[in-house]
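Dear colleague,

I am passing on the structure below, which is a predicted model, together with some notes on how its helices and strands are arranged. Please read the notes with the coordinates open beside them.

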Amino acid sequence: MSVYLVGAGPGDPGLITARGLDLVRSCEALVYDVLVSPELVEEAPADALRIPRERMGQEELNELLVSLGRQELEVVRLKGGDPFVFGRGGEEALALAAADIPFEVIPGVSSISAVPGAAGIPITHRGVSAQVTLVSGHSAGGDDLDFAQLATTPGTLVVFMGLAHLAAIADGLVAAGKDPRTPAAVVSRGTLADQRSVTGALEEIAARAEDLASPALLVVGDVVLFAAYLGVTGDGARDVGLLEAGDRVGLEP
């Protein structure tokens with residue numbers, strides 16, 4: 001018997017892997033996050049334990065997984081996105097390993113590429129961006145971010161969990177030397193039916209995104225220009241000149 005740390009994908013229940021779905025359908029206990037689609041939860045067997053994480057702290061959750069594992073159940077820990085991309089899957093794996101509980105990590109489709117992709121934004125593109133920097137904007141005001149380094153790092157910047165501190169993050173990048181007219185996008189509830197995205201210059205992206213809902217991803221860099229050319233711009237792309245700005249990176253409508 002094992003504990004499986006399964007990535008549920010970025011939101012759309014159809015984006016879980018085939019292996020992950022098979023495990024959900026055969027598990028004896030399912031521990032799931034609030035961002036996991038209810039449709040995936042319903043795929044668990046009728047007699048399986050279904051345990052929502054809700055307000056459970058990480059230490060309590062680790063203890064729960066160890067306890068279920070010691071009962072020799074087939075346990076699926078279902079997490080949004082990928083377990084090892086801002087999913088604290090590493091902490092859970094360490095707790096299981098320390099308790100000698102067999103476990104396996106089942107990677108999921110990560111929001112880092114899936115959510116921008118759903119909004120028409122490739123996070124890399126030949127001749128435009130050959131590097132991606134991934135950070136968390138979760139802490140208050142983005143205080144844990146090294147804005148001086150991020151402002152000078154080439155390529156694409158992707159910020160998870162930064163919606164509540166979007167203005168502070170954008171202001172921090174600009175204050176550290178990032179061009180305030182750098183293209184930026186915020187994609188809310190990516191891959192879901194109610195997905196929304198806004199695009200604009202970095203200096204104004206917080207104002208444009210103020211009515212978006214979590215979860216949301218911030219993307220900063222010239223790859224945002226592709227949204228206008230691919231016709232999935234979301235709100236506000238054309239009136240900030242993204243099509244014209246695309247000329248500098250060789251895009252053609």
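**Helix packing and the sheet**

Helix α3, which covers residues 58-70, packs with helix α4, residues 89-98, at an angle of about 45 degrees, and their axes lie 9 Å apart. Angles under 35 degrees would count as roughly parallel and those from 65 to 115 as roughly perpendicular, and α3 and α4 are therefore oblique to each other. The crossing that α3 and α4 make is right-handed.

Which residues bring these two helices together? On the α3 side they are Q58, L61, N62, L65 and V66, and these meet E91, E92, A95 and L96 of α4. By character, the residues of this contact between α3 and α4 comprise five nonpolar, two polar and two charged.

Turning to the strands, there is an open sheet of five, in the order β3-β2-β4-β1-β5, and the pairing is parallel. At its edges are β3 (49-52) and β5 (103-106), each of which pairs on one side only, while the twist from one strand to the next averages 15 degrees.

Within the sheet, β2 (residues 29-32) is paired with β4 (residues 75-79) in the parallel sense through four bridges, and L30 has V76 as its bridge partner in β4. Helix α4, already described as packing with α3, also packs on the sheet, where α4 touches β1 (3-7), β4 and β5, and the direction of α4 makes about 170 degrees with that of β1.

With best wishes

Conventions. Residues are numbered from 1 along each chain as its sequence is written. This is a predicted model: local features need pLDDT of at least 70, side-chain atom pairs count only at pLDDT 80 or more; totals for chains, interfaces and linings use all residues. Side-chain values use heavy atoms; hydrogens and water are left out. Axes are lines fitted to C-alpha atoms, for helices over the stretch in contact, and angles run from 0 to 180 degrees between N-to-C directions. Angles under 35 degrees count as roughly parallel, over 145 as roughly antiparallel, 65 to 115 as roughly perpendicular and the rest as oblique. A crossing is left-handed if the near helix is turned anticlockwise from the far one by less than a right angle, and right-handed if clockwise. Contact means heavy atoms within 4.5 Å. Ala, Val, Leu, Ile, Met, Phe, Trp, Tyr, Cys and Pro count as nonpolar, Asp, Glu, Lys and Arg as charged, and the others, Gly among them, as polar. Two strands pair if DSSP finds at least two bridges between them.
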